[in-house]
Amino acid sequence: MKLKELEGYLQDVAVFTKPKIKLEQYPTTPHLAARMLYTAHTVYDDIENKAVGDFGCGCGILSIASVMLGSAYNVGFDIDSDAIAIAQENCEQFEIDMDFILTDLSAVPAPSSSEDGPDGTRGSYEMMKGKLDTILMNPPFGTKLKGIDMVFLKKGIDLANHAVYSLHKTSTRQHILKKAKEWGVECEVVAELKYNLDKSYSFHKKESLDIAVDFLRFEKPQPKSDA
Amino acid sequence: MRLITHNMLQCHVKGCNANNFPLDFQDVSLEQQEAELNEDFLRNMLGKIEYGALVATCLKLNITDLPSTMPADANTNEEFLQALHRVMLETHVISGKMVCPNCSHIYIIRDGIPNMLLAEHEV
């Protein structure tokens, strides 16, 4: 499938009817979703026949693009049952098999817990570790809840078997590169893209606004070989 | 939710760290939905699934398609891969409950979606 073709199909993915600002619900545009998944598939072979997770899946556009490019198993995580309901309808319309989990990926146990990992986070999805080959996300950027983007990213890197694809504000690039080094993962800035935010919320003064986002790919060292 | 997803879910309640997997199904309604068989994917998953938990879960749901231990030739055993596909990727849990075998926390499944959200004090 060609990139333009994929983007064309994704135009029909329904978006939030009533976006919730505290969850920073901005739809990933068909353009961004197509770029991300097309690259993950054609350049890195991280999609076809893979198990793919989608963190903060919202209306499911990244996963739908993933399925179109041949992923074998997809599961979406979101805290908002209204968003998941829209995602389910999208899957039905596109005749896509995908599972969803209603969950709070930002929940971090208190640092005093004896079960915490060395970095203070405990994997509440311990059983999922290493089972999802690729994890996709367009996380909340942390404008409402500071640092939530990094919580999503860390969790994705913890759980993924091989690669994580994510979008972040370009202004946070240096911070993320430093964190990636700390976490012992490779981080590549695949592209710098324009994220066009339509006037989703009343506090947006302009009709639409372009913000610079980095399309990042993280790769874990020595992926588990199950061959 | 398909059974492959259930095979990766554990209890999330704070302090519940042992014997919290697999979650026990109760009062579930199941649905079979045909899906395309992807043998490459299944082979890739063989080393990742919790096979014992999967078989135990199936037995409770009266699904008896899987042998109690994974055959040594699972990689090439088409009949087994077919059965695994049917169980993990075609069996959907539409509604019901999942109960933690350790702390008895109940997670509700509605419209095929497991609700893993916890109240503030349980996180």
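This passage walks through a predicted model of two protein chains, starting with the fold of chain A and moving on to its contacts with chain B and to the aromatic pairs.

Chain A is a good place to begin. This chain contains 6 helices and 7 strands, and the order of its elements, read from the N terminus, is α-α-β-α-β-α-β-β-α-β-α-β-β. Chain A has 227 residues, of which 52% count as buried. Among the contacts in chain A with a separation of 6 or more, 70% are between residues 24 or more positions apart.

Helix α3 of chain A offers a helpful view of the interior. This helix spans residues 61-68, and 6 of its 8 residues are buried, so it is largely enclosed by the rest of the structure. The buried positions are Ile61(A), Leu62(A), Ser63(A), Ile64(A), Ala65(A) and Ser66(A). Several elements of chain A help to cover these residues, including the helices α1 (3-10), α2 (30-42) and α4, together with the strands β1 (51-55), β2 and β4. Just after α3(A) comes Gly70(A), whose phi is positive, at about 105 degrees.

Attention now turns to the interface. Here 34 residues of chain A are in contact with 33 residues of chain B. The area buried between the two chains is about 2,800 Å², and carbon and sulfur atoms give 56% of this area. Polar links are also present: 14 residue pairs are in polar contact across the interface, with both residues of each pair at pLDDT 80 or more. The elements of chain A that give two or more residues to the side touching chain B are β2 (73-78), α4 (81-94), β3 (99-102) and β4 (132-137). Of the side of chain A that touches chain B, the largest share comes from β3(A), which gives 4 residues. Sorted by class, this side of chain A has 16 nonpolar, 8 polar and 10 charged residues. As for charged pairs, 3 salt bridges are found across the interface of chain A and chain B. One salt bridge joins the side chains of Lys48(B) and Asp133(A), with a distance of 2.8 Å from N to O.

The aromatic side chains complete the picture. Over all chains, the whole structure has 6 aromatic pairs. One aromatic pair is formed by Phe141(A) and Tyr195(A), which meet edge-to-face with 6.1 Å from centre to centre and 85 degrees between the planes. Phe141(A) sits in the loop between β4 and α5 (148-159) of chain A, while Tyr195(A) belongs to strand β6 (residues 186-198) of chain A, so this pair ties together parts that are 54 residues apart in sequence. Phe141(A) and Tyr195(A) are both buried.

In chain B, the ring centres of Tyr51(B) and Phe80(B) are 6.0 Å apart and the planes lie at 55 degrees, so this pair is tilted. Tyr51(B) is part of helix α3 (residues 51-60) of chain B and Phe80(B) is part of helix α4 (residues 78-90) of chain B; the pair therefore ties together parts that are 29 residues apart in sequence. Tyr51(B) is buried, as is Phe80(B). Back in chain A, the residues Tyr44(A), Tyr165(A) and Phe215(A) form one aromatic cluster.

Terms used:
Residues numbered from 1 in each chain as written. Chains lettered and ligands numbered in written order. Heavy atoms only, no water. Contact = heavy atoms within 4.5 Å. Buried area = accessible area lost by both parts, 1.4 Å probe. Salt bridge = Lys/Arg side-chain N within 4 Å of Asp/Glu carboxyl O. Polar contact = N/O pair within 3.5 Å; in protein donor to acceptor, adjacent residues only side chain to side chain. Nonpolar A, V, L, I, M, F, W, Y, C, P; charged D, E, K, R; others polar. Phe/Tyr/Trp six-rings, centres within 6.5 Å; stacked < 30°, edge-to-face > 60°. Buried < 20%, exposed > 50% of the residue type's maximum accessible area, 1.4 Å probe, protein only.
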